[in-house]
Amino acid sequence: MARRLALLALLPVFAVVAFGVAFLVFYRGGYDPPAQVEVPYDQLTAPHLAPGDFVDTPVVRVKRGLVLVDAMHSNSFTEAEFFNLGSRVANRGYDVEFAGGFTPSPEALRVQLLEEGLRRADSLVVVLPRLEYTVAEAAVVERFVSKGGKLLLISDPGRRQRINTLATRFGVEFRPDYLYDVAEYDLIFRNIIVREFQPDELTVGVDAITLYSAGSIRSSGPGLAFASEGTRSSVLEDSEEFYPIAGGNARNVLAIADFTFMVPPQNTLLDNDRLISNIADYLTSSEREYELADFPHFYESGPDNGADILLGQPSLWDTGIQIKNGLSDYGISSEVRGIEDLSRDTVFLGLYEDALPMSRYLQAAGVRIGDTLGTPFA
């Protein structure tokens, strides 16, 4: 008992000795904070880029067209955020239509809306779809692109999306990363500045842009905008050449891994505004081909346009009036004429024996009329 009491009495001594040894070995002196420096509020500045001085001077297209915007896949953007690009498209004489009205729809209805919309459209814009594209939907878009229709794919690592369910069909993969640069940036390191571009109609006049939530793209097509050497990826350890803007496996496919640069006030900085105008030019320069199944959407609508209806024989007058009424349902004005006007769109309505006057058009389209009817599109 006495021995235990002696050991307990020595414990405080051991503790003091241990503390003293640790103090002598590890202590390196106290901390003297530097003198406080007060900077006047009006002298506080943050790194920020100056707005550019670009003024959009659109060239109105001779032929009107339609840019269809996907709004049927619970897309992670609003119509207001699309306003800058949409207004540039409208200033070039094209219409902008949001397919689906930002209301989630079942697959069957989405396929129907895509088929109907793309029969009339020159370009399709897909921005941040949160619902995946099904095989049937992707097939509709592939047919549209194969006929020369433009496709713009826009992703953003800061927002939920499942765009790769469509993008991979065109040789494009949006990586699940964001790009950052600790050497040159605007405000924070995720706001990267891009100064290197591939010569292309999309990059004409663009010297520097700033992207505020950019990811990287892996594509079978060409890179069009290249991040600086100091740029890194949040998911890739190895440094490589990253590009947030790229083409797809065809020239009429464009992929952009940032949406925020289009939204005010970011759209006014550096050459962002010029890039938005170039994208509008891209969307309104489509030369898509039309098929018989696209009838009558390849005719121009509006009061200043229209089509002539030529009859192969007078007995078809009532049918001609039915065609006229049917075209008006699509906003296409038309009149039944007796003489062909080569400067106007034309619907020729005839029977088998009326094919001879139209033979030059039929031959050019690959249509053969004899004992049997042969076409290249059926």
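How many nonpolar, polar and charged residues make up the lining of the largest pocket? Sorted by class, that lining has 22 nonpolar, 3 polar and 6 charged residues. Keep in mind as you look around that this is a predicted model.

Let's stay with the pocket for a moment. Its volume is about 1,000 Å³. A total of 31 residues line the largest pocket, and those closest to its centre are Leu292, Thr346, Phe348, Tyr361 and Leu362. If you would like to find the pocket by its secondary structure, look for strand 18 (345–349) and helix 8 (359–364), each of which supplies at least two residues of the lining. Strand 18 gives the most, with 5 residues.

Now turn to the sheet. Here 8 strands form an open sheet, and reading across it gives the order 2-1-3-4-15-14-12-9, with mixed pairing. Strand 2 (94–99) and strand 9 (196–197) each have a single partner strand, so they stand at the edges and one side of each is left without a neighbour in the sheet. At the strand 9 edge, 2 bridges join this strand to strand 12 (residues 223–226), and the two run antiparallel. You can pick out this pairing by finding Glu196, which stands opposite Phe226 in strand 12. Packed on the sheet is helix 6 (residues 272–283), which touches strand 1 (65–70), strand 2, strand 3 (123–127), strand 4 (150–154), strand 14 (245–247) and strand 15 (253–256). The direction of helix 6 makes about 145° with that of strand 4.

Strand 2 also brings us to the charged pairs. Side chains of opposite charge can pair when their charged atoms come close. The whole structure contains 15 salt bridges, and one of them joins Glu97 to Arg120, with the closest N and O atoms 2.8 Å apart. This pair links distant parts of the chain: Glu97 lies in strand 2 and Arg120 in helix 3 (residues 107–120), 23 residues apart.

A further stop is a hairpin formed by strand 7 and strand 8, with 1 residue between them. Leu187, in the turn, has a positive phi of about 70°. Strand 7 (residues 185–186) and strand 8 (residues 188–194) run antiparallel and are joined by 2 bridges; Asp186 has Ile188 in strand 8 as its bridge partner. Strand 8 is also joined by 3 bridges to strand 10 (residues 209–211), again running antiparallel. To locate that pairing, follow Ile192 to its bridge partner in strand 10, Leu211.

Notes: Residues are numbered from 1 along each chain as its sequence is written. This is a predicted model: local features need pLDDT of at least 70, side-chain atom pairs count only at pLDDT 80 or more; totals for chains, interfaces and linings use all residues. Side-chain values use heavy atoms; hydrogens and water are left out. On a 1 Å grid over the protein atoms alone, a cavity is a set of points where a 1.4 Å probe fits but cannot get out, and a pocket is an open set with protein on both sides within 12 Å along at least five of seven lines; lining residues have an atom within 4 Å of a point. Grid points are joined across faces, edges and corners, and a volume is the space filled by probe spheres set on the points. Helices (H or I, at least four residues) and strands (E, at least two) are DSSP runs, numbered from the N terminus. Ala, Val, Leu, Ile, Met, Phe, Trp, Tyr, Cys and Pro count as nonpolar, Asp, Glu, Lys and Arg as charged, and the others, Gly among them, as polar. Two strands pair if DSSP finds at least two bridges between them. Contact means heavy atoms within 4.5 Å. Axes are lines fitted to C-alpha atoms, for helices over the stretch in contact, and angles run from 0 to 180 degrees between N-to-C directions. A salt bridge is a side-chain nitrogen of Lys or Arg within 4 Å of a carboxyl oxygen of Asp or Glu.
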